[in-house]
Every structure is written in C-alpha cells, then in structure tokens.
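Hello,

Here is the structure I promised to pass on to you. Have a look at it first, and then read my notes below.

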Amino acid sequence: MEIGDAIPCRCPKCRSTDLTLFEQFTVCDVIAVKGGKMADRHAGEFPELTGRVWGECANPACRHRWQFRRSPVMAAFRAGT
Ligand SMILES: [Zn+2]
C-alpha cells in the first residue's frame, strides 16, 4: 500500500474519514549468547501482525477511539491497492 491508496474506514461515532489507525504488531528482541555472555542484541526483529487494529478519530470535536472487528488495512490490501 502507498500514500493515496483508499482505506475503507470511518469513525463509527461522527462518520469522519479523517482518523489514525494503530495496527498492532508483536516483535522480538533477539539476543545472541556466546559462552554464557551476551554477544549481540537486535531490538524489534521479526514483526508479526496480531490482527488487532485501533482507530482514533482526527475530528477535534470527537476524538473517539475504538477497535475494529476486521482490519480495514487488510480489506484495502485485498482490494488490490
Ligand atoms: Zn469521530
């Protein structure tokens, strides 16, 4: 997906289509151990989607926050955008 692609979502409270999506991932901190001592460390590796997506309405008079039942990001991805 790229900037300008359509994402099918709107605020369920005020119907605004200006909002922020929070797509949740889990990540691993990877720690290499050699001879019983930490030899290397990489943070935030192997991101995996949890499937949970939150929205926050950008309308200053609303600011509603909610969790999507189905990811609008995945819906847009499947639509071929
Ligand atoms: Zn709203």
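Two residues are in contact if their C-beta atoms, placed from the backbone, lie within 7 Å. With that in mind, take Asp18, which touches Ala58 and Asn59 once residues up to four places away in sequence are left out.

Before going further, a word on what you are looking at. This is a predicted model, in which local features need pLDDT of at least 70 and side-chain atom pairs count only at pLDDT 80 or more, while totals for chains, interfaces and linings use all residues. Residues are numbered from 1 along each chain as its sequence is written.

**The overall picture**

The protein chain has one helix and three strands. Here helices (H or I, at least four residues) and strands (E, at least two) are DSSP runs, numbered from the N terminus. Along the sequence, the pattern reads β-β-β-α. The radius of gyration of the protein chain is 18 Å, well over the 12 Å that the globule rule gives for 81 residues, so the chain is more spread out than a compact globule. That radius is taken over C-alpha atoms, and the globule rule is 2.2 Å times the number of residues to the power 0.38. Along the principal axes, the C-alpha atoms fill a box of roughly 60 × 30 × 20 Å.

How much of the protein chain is buried? Of its 81 residues, 5% count as buried. A residue is buried if 20 or more other C-beta atoms lie within 10 Å of its own, exposed if 12 or fewer, and partly exposed in between, with the C-beta atoms placed from the backbone. As for contacts with a separation of 6 or more, 60% of those in the protein chain are between residues 24 or more positions apart.

**The sheet**

The three strands form an open sheet in the order β1-β2-β3, with antiparallel pairing. At the edges stand β1 and β3, each with a single partner strand, so one side of each is left without a neighbour in the sheet. On average, neighbouring strands of this sheet are turned by 45° against each other, direction ignored; the axes behind such angles are lines fitted to C-alpha atoms, for helices over the stretch in contact, and angles run from 0 to 180 degrees between N-to-C directions. In general, strands of a sheet pair through backbone hydrogen bonds, either parallel or antiparallel. For two strands to count as paired, DSSP must find at least two bridges between them.

How many bridges link β1 and β2? These two strands pair in the antiparallel sense over 13 bridges. Two examples to find on your screen: Val30 has His42 in β2 as its bridge partner, and Ala32 has Asp40 in β2. The hairpin of β1 and β2 has two residues between the strands, and in it Gly35 takes a positive phi near 60°. On the other side, three bridges join β2 to β3, again running antiparallel, and Glu56 stands opposite Arg65 in β3.

Are these strands covered or in the open? Of the 16 residues of β1 (residues 19-34), the number buried is one, so β1 lies largely in the open. Strand β2 is hardly covered, with two buried among its 21 residues.

**Some residues to click on**

- Thr50 is in strand β2 and is exposed, with 9 other C-beta atoms within 10 Å. Thr50 and Phe25 are 25 residues apart in sequence, yet 5.5 Å apart in space, C-alpha to C-alpha. Leaving aside neighbours within four places in sequence, Thr50 is in contact with Gln24, Phe25 and Thr26.
- Asp18, which you met above, lies in the segment before β1. Asp18 counts as exposed, with 11 C-beta neighbours inside 10 Å. The C-alpha atoms of Asp18 and Cys57 are separated by 6.5 Å, although these residues are 39 residues apart along the chain.
- Phe46 has a positive phi of about 50° although it is not a glycine. Phe46 lies in strand β2 (residues 37-57) and counts as exposed, with 11 C-beta neighbours inside 10 Å.
- Arg63 is not a glycine either, and has a positive phi of about 60°. Arg63 is placed in the loop between β2 and β3 (65-67), and with 13 C-beta neighbours inside 10 Å it counts as partly exposed.

Enjoy exploring!

Best wishes
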